[in-house]
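Visitor: Hi, could you pull up the structure so we can chat about its cysteines and pockets?
Guide: Happy to, here it comes.

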Amino acid sequence: MYVCLCVGATNQTVCDAVARGASTSKEVAALCGAGGDCGRCRRTLRAIISAARMDQPELQPASSA
């Protein structure tokens, strides 16, 4: 599915940018261009970033027993 029509970025393009370390819509724009033009897709970009965070829970510190 196309996420950003301005640059033709797809959902996969944005997911790839997030996998490479982008954690804000500005960082996604820097990596792949999505969200850097008119900005209409930024809400969708933030949703994709949030979903990626949910899929990758942060490491829990080891409990000392």
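Guide: Before we start, keep in mind that this is a predicted model. One thing to look at right away is cysteine 38, which counts as partly exposed at 48% relative accessibility.

Visitor: And cysteine 4, buried or exposed?
Guide: Cysteine 4 is buried, and its relative accessible area is 3%.

Visitor: How many disulfides does a search of the whole structure find?
Guide: Zero disulfides turn up in that search.

Visitor: Why is cysteine 4 not in a bond with its closest cysteine sulfur?
Guide: The closest one belongs to cysteine 41, and at 3.9 Å it is too far for a bond. A pair of sulfur atoms has to be within 2.5 Å to count as a disulfide.

Visitor: What about cysteine 38, which cysteine sulfur is nearest there?
Guide: That of cysteine 6, which is 3.7 Å away, and cysteine 38 is in no disulfide either.

Visitor: OK, switching to pockets. How much space lies in the largest pocket?
Guide: The largest pocket holds about 300 Å³.

Visitor: Which residues lie nearest its centre?
Guide: Those are Val18, Ile49, Ala52, Arg53 and Gln56, out of 13 residues that line the largest pocket.

Visitor: Which elements give two or more residues to that lining?
Guide: Two helices do, α1 (11–19) and α3 (42–55). The largest share comes from α3, with five residues.

Visitor: And how do the lining residues divide into nonpolar, polar and charged?
Guide: For the largest pocket you get eight nonpolar residues, three polar and two charged.

Note on methods: Residues numbered from 1 in each chain as written. Predicted model: local features only at pLDDT ≥ 70, side-chain atom pairs only at ≥ 80, totals over all residues. Heavy atoms only, no water. Buried < 20%, exposed > 50% of the residue type's maximum accessible area, 1.4 Å probe, protein only. 1 Å grid on protein atoms, 1.4 Å probe; cavity = no way out; pocket = protein on both sides within 12 Å on 5 of 7 lines; lining within 4 Å. Points joined across faces, edges and corners; volume = space filled by probe spheres on them. Helix = DSSP H or I, 4+ residues; strand = E, 2+ residues; numbered from the N terminus. Nonpolar A, V, L, I, M, F, W, Y, C, P; charged D, E, K, R; others polar.
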